[in-house]
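Here are a few short exercises to work through with the structure open beside you. Try each task yourself before you read its solution.

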Amino acid sequence: MNMKSQAQELQTYLSQYTLMWNDEIMNDYPESISKYPRDWLNLLDNLSESELYAVDCKQVVEKIKDSTLEKFMNQAIELSKLPVIKEIPEIPLEDWAFNGVKKKKRHEIQKIVPVLKNIKDIKNFEYVVDIGGGVGHLSRVLSHYHCIPSISLDRDPHFQKIGFERLSKYRKIEGSRDVRFVNIAFGEKADEENLKNIFMPKAFSLGLHTCGPLSNVVIQKSIDYKITGLLNFGCCYHRLNPETDYPLSNYYKENHFLKFNLFSLCLATRSHAEMSFSDYRTKERVKSYRYALHLFLMTYFNNKFCTEVGECHVRTYWEPFANYIKNKLTELNIEHTFTDEDFNLFYEDPKIQKKLRVMWLCNIIRWQLGRVLEVYLLLDRCLYLEEQGFEVKIEQYFQEALSPRNIGILALLKN
Ligand SMILES: C[S@@+](CC[C@H](N)C(=O)[O-])C[C@H]1O[C@@H](n2cnc3c(N)ncnc32)[C@H](O)[C@@H]1O
């Protein structure tokens with residue numbers, strides 16, 4: 001399917017469920033629940049814990065076969081499917097080349113490097129600029145072991161110092177090239193002159209998990225400086241400004257694109273990580289305490305909308321509810337005279353437990369839409385690059401279990 005058709009189909013699909021992805025379940029509860037079909041909730045309510053786990057992992061289980069819920073789930077999977085990168089054999093490297101590199105990063109590097117080598121053969125760029133390169137593992141592997149010169153660019157001098165000091169500790173091979181660490185804040189006016197000296201047509205732009213709006217800035221600068229090409233992996237979409245950072249393409253702007261808000265961007269960011277059963281149980285427990293806090297605030301403090309609260313240690317969620325809520329009320333500067341017993345009785349009340357169950361089931365349904373939103377958002381970036389004269393591919397690069405933000409946009413400037 002071409003990118004425009006896929007975007008169009010995603011749009012048609014998503015517009016049927018706007019009320020679900022555009023809002024948090026806690027907002028305007030209990031009206032929010034009415035956005036979820038009753039028969040879907042009933043179907044889910046009859047599933048065992050392991051079946052619900054499977055559904056949360058986007059698997060259709062026997063008991064929901066032939067239902068509209070199954071159709072909803074299958075469409076989400078089908079429409080957000082992307083081609084997986086062509087399996088270019090990984091270039092074998094000794095373990096010492098990855099000393100101190102986490103499994104996730106090693107996997108990402110091993111997937112990206114062969115693709116970059118291929119592009120270098122075709123486009124013959126001179127060097128790679130790794131934007132937000134952190135400690136520079138990717139640049140090091142590229143330059144030391146694959147003889148592609150690289151610049152690791154980051155605004156954080158601390159990461160760069162660690163990376164620079166480590167360089168000499170790794171063995172090199174014959175023909176290895178240099179890694180340069182450049183400390184600038186990409187996209188900031190004060191650093192523009194420095195950027196001009198490296199971001200040139202002979203460079204190739206790489207961004208592995210350029211957070212939120214940084215991806216947009218990288219895309220725009222790559223266009224402005226007529227760079228050979230770019231390979232970009234976005235992440236942290238909740239950091240985007242939904243008013244100014246999206247959409248980019250004329251195609252979306254002219255075709256009644258779907259508007260996002262912070263809730264939808266959070267959903268696009270969080271979903272799609274592969275999860276063990278024990279992770280699932282923790283996730284359910286975290287949500288249960290979070291929703292119970294909300295119901296408590298609604299009941300006793302007349303609070304109808306989702307209040308932002310910080311995270312707490314996982315172990316807190318396996319302690320009595322009173323411990324969790326007391327911390328949260330303190331964080332929120334809410335004075336009260338409730339006892340631990342009051343809190344625990346509130347949580348254990350069967351009526352509250354029933355409400356929490358329904359909220360959790362709604363969350364499972366809403367969760368199905370995360371990847372769909374992410375793909376819809378990224379297709380806009382692709383179409384923008386196409387409009388600016390690039391040949392563009394969007395593909396899945398990494399194994400979901402190792403690196404869930406695994407969608408790469410590869411754009412090469414047409415001659
Ligand atoms: C999510 S980390 C990714 C690090 C590395 N690419 C990786 O995959 O491990 C994002 C990095 O981008 C850097 N960064 C964020 N905004 C930046 C900017 N405007 N200019 C340069 N670096 C930036 C941060 O300091 C951080 O090291």
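**Exercise 1: Ile33**

Ile33 has a relative accessible area of 12%, and because buried means under 20%, Ile33 counts as buried. Keep in mind that this is a predicted model.

Task: find out where Ile33 sits and which residues it is in contact with, leaving aside neighbours within four places in sequence.

Solution:
- Start with the chain: Ile33 belongs to the loop that runs between helix 2 (18-21) and helix 3 (38-45).
- Next, look around it. Setting aside neighbours within four places in sequence, Ile33 is in contact with Ile25, Leu41, Val358, Met359 and Cys362.
- Finally, check a distance: from Ile33 to Leu295 it's 14 Å, C-alpha to C-alpha, with the two 262 residues apart in sequence.

**Exercise 2: Asn22**

Task: decide whether Asn22 is buried, partly exposed or exposed, and list what it touches beyond four places in sequence.

Solution:
- Asn22 is also in the loop between helix 2 and helix 3.
- Its relative accessibility is 22%. Buried needs under 20% and exposed needs over 50%, so Asn22 ends up as partly exposed.
- Not counting residues up to four places away in sequence, Asn22 touches Lys259, Asn261, Phe263 and Ser264.
- For a distance, try Phe260: the C-alpha atoms of Asn22 and Phe260 are 7.0 Å apart, though their positions lie 238 residues apart along the chain.

**Exercise 3: Ser403**

Task: work out whether Ser403 is buried or exposed, and which side chain its own side chain makes a polar contact with.

Solution:
- Find the loop between strand 6 (390-396) and strand 7 (407-413); Ser403 lies there.
- The relative accessible area of Ser403 is 1%, which is under 20%, so Ser403 is buried.
- Its side chain makes a polar contact with the side chain of Glu108, at 2.6 Å.
- Leaving out neighbours within four places in sequence, the contacts of Ser403 are Lys104, Glu108, His209 and Phe398.

**Exercise 4: two domains**

Task: describe how domain 1 and domain 2 meet, starting from how much area they bury between them.

Solution:
- Mark the parts first: the domain assignment gives domain 1 as 16-61 + 275-367 and domain 2 as 95-260 + 370-413.
- The contact takes 4 residues from domain 1 and 5 residues from domain 2.
- Between them the domains bury about 340 Å², with 62% of it on carbon and sulfur atoms.
- On the domain 1 side, the touching residues divide into 2 nonpolar, 1 polar and 1 charged.
- Now count the links: there are 0 salt bridges between the domains, and 1 residue pair is in polar contact across the interface.
- Last, the centres of the two domains, taken over C-alpha atoms, are 37 Å apart.

Note on methods:
Residues are numbered from 1 along each chain as its sequence is written. This is a predicted model: local features need pLDDT of at least 70, side-chain atom pairs count only at pLDDT 80 or more; totals for chains, interfaces and linings use all residues. Side-chain values use heavy atoms; hydrogens and water are left out. Domain bounds come from an automatic or database domain assignment. Contact means heavy atoms within 4.5 Å. Buried area is the accessible area (1.4 Å probe) that two parts lose on being put together, summed over both. Ala, Val, Leu, Ile, Met, Phe, Trp, Tyr, Cys and Pro count as nonpolar, Asp, Glu, Lys and Arg as charged, and the others, Gly among them, as polar. Helices (H or I, at least four residues) and strands (E, at least two) are DSSP runs, numbered from the N terminus. Buried means under 20% relative accessible area, exposed over 50%, partly exposed in between (1.4 Å probe, protein chains only). A polar contact is a pair of N or O atoms within 3.5 Å; within protein, one must be able to donate a hydrogen and the other to accept it, and residues adjacent in sequence count only if both atoms are side-chain atoms.
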